[in-house]
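Here is a short set of exercises to work through with the model open beside you. Try each task yourself before reading its solution.

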Amino acid sequence: MKLFNGVQLLLAAVFFLVVFYLGIENKFKTSIVMKPNQQTTGYRFDIPGDIQSIESTQRERMTLVRKRCTDNINKKSGFPPRSRFVVSEKHKLLYCQVFKTGSTTTLTILHNLEHDEERSTKEMRDQLDTLPFKRLNDYTDEEVRHRLETYTKLLITRNPLERLASAWRHKFVDVPLRFWFRQEYHSMLETLSIETISKNISTTKSNVKKSNRKEVDNENYPIVPFLAFIKAVGTNRTEWQNPHWEQISDLCAPCQIDYDFIAHTETLAEDFPLFFKTAGITGKDKLLPEVRERKSEKLFSAFYKEVSIEDLRRIKEKFKDDYDMFGYSFDDDIKGLF
């Protein structure tokens, strides 16, 4: 009888320990796994396995770039200007800056990382051009080689058609007082007939208030219509080229530089937590970009509705490497438009 009671007591103790352990474990898991749709530091985990999905996507992006480079091994462009690469010494980072891919957000993050600050993108927008970012042209050849070989290298890409629409709206329409694009690229109007020019200029309005106009010369030039811009970009005329709309595959030489991480503008808030992990950056979640509603799709359709399929196919051909190398689909873009 005593033996039986002893066994009962032992089983009861084991049962109690199991229940206690499971309760502690469950409590612990609850503290580290976010609930569905819970948002923190701009990053959303809909299910605990999302991070694995993002890691898988990143591997696919890297594989695609390397395959494209292998298939076009004889096609080599010159090394980009060293000034295009921003350096973070504190975290051993190297970023190829590409305009209209979320570069303002990225530069803000890099600045905050380097100086232990928490400034917002809005606060930093007008200061980025004057901030003393270190760039590769600040280093000797040997120092450049060392950073290219050992630092975590970041490249951010964007759908070519979205990037073109964003560049045109920003430089020619929204803030022409800060830029000289109307005057500099006035000759793009040559691509249109007189009737088309009149129609497009009359229906394209600037968002700049007259009371703020200071750069009178640039304002005296009409807005280059989006149709003229797309026709001009689709050509190979050097006077119409600009880093704001040149191919990313040319700007950052991904076949010459072995990038460690490729983010997409379209998924920037999802990509950056994994980039921080890849670069060994911890305790800086407050600096991650926020999840925001993307307005590109409406902009995308509205701008391209009058562009002919012939002009779109010229863009496809010119940006073929960007489409093929970075996982975008021209066919999907066309389906979305029509």
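The exercises below go from the whole chain to a helix, a strand, a loop residue and the cores.

This is a predicted model, in which local features need pLDDT of at least 70, side-chain atom pairs count only at pLDDT 80 or more, and totals for chains, interfaces and linings use all residues. Residues are numbered from 1 along each chain as its sequence is written, and side-chain values use heavy atoms, with hydrogens and water left out.

**Exercise 1. Describe the protein as a whole.**

Step 1. Start with the secondary structure: the protein has 16 helices and 7 strands. These are DSSP runs numbered from the N terminus, with helices being H or I of at least four residues and strands E of at least two.

Step 2. Turn to burial: 44% of the 338 residues count as buried. Buried means under 20% relative accessible area, exposed over 50%, and partly exposed in between, with a 1.4 Å probe and protein chains only.

Step 3. Look at contacts, meaning heavy atoms within 4.5 Å. Of those between residues at least 6 apart in sequence, 77% join residues at least 24 apart.

**Exercise 2. Check the length of helix α2 and find which residues are buried.**

Step 1. The expected span is 1.5 Å times one less than the number of residues. For the 22 residues of α2 (residues 50-71) this should give 32 Å, and the end C-alpha atoms are 32 Å apart, which agrees.

Step 2. List the buried residues of α2: D50, I51, I54, E55, Q58, R61, M62, V65, R68 and C69. They cover an arc of only 155° around the axis, which puts them on the same side of α2; the arc is that of the directions from the helix axis to the C-beta atoms.

Step 3. On the other side of α2, the exposed residues are R59, E60, K67, T70 and D71.

Step 4. Take Q58 as a case: it counts as buried because its relative accessibility is 7%. Leaving out residues up to four places away in sequence, Q58 touches D260, F261, I262 and L274.

**Exercise 3. Work out how strand β6 is enclosed and paired.**

Step 1. Count the burial: 6 of the 6 residues of β6 (residues 152-157) are buried, so the strand is largely enclosed by the rest of the structure.

Step 2. Sort the residues by face. In a regular strand the side chains alternate between the two faces of the sheet. In β6, T152, L154 and I156 are on one side, K153, L155 and T157 are on the other, and all are buried.

Step 3. Find the neighbours; two strands pair if DSSP finds at least two bridges between them. β6 pairs in the parallel sense over 4 bridges with β4 (residues 93-96), where C96 has L155 as its bridge partner. β6 also pairs with β7 in the parallel sense over 4 bridges, and L154 stands opposite F261.

**Exercise 4. Is I257 buried or exposed, and what does I257 touch?**

Step 1. Place I257 in the loop between α11 (248-251) and β7 (261-264).

Step 2. I257 counts as buried because its relative accessibility is 4%.

Step 3. Not counting residues up to four places away in sequence, I257 touches F79, F85, L148, K153 and C252.

**Exercise 5. Locate the nonpolar cores.**

Step 1. A nonpolar core is a set of buried Ala, Val, Leu, Ile, Met, Phe, Trp, Tyr and Cys residues joined through side-chain atoms within 4.5 Å.

Step 2. Of the 56 residues in the largest core, L164, F172, F226, F229, W245 and Y304 touch the most other members.

Step 3. A second, separate core of 25 residues includes L107, L113, L128 and F272.
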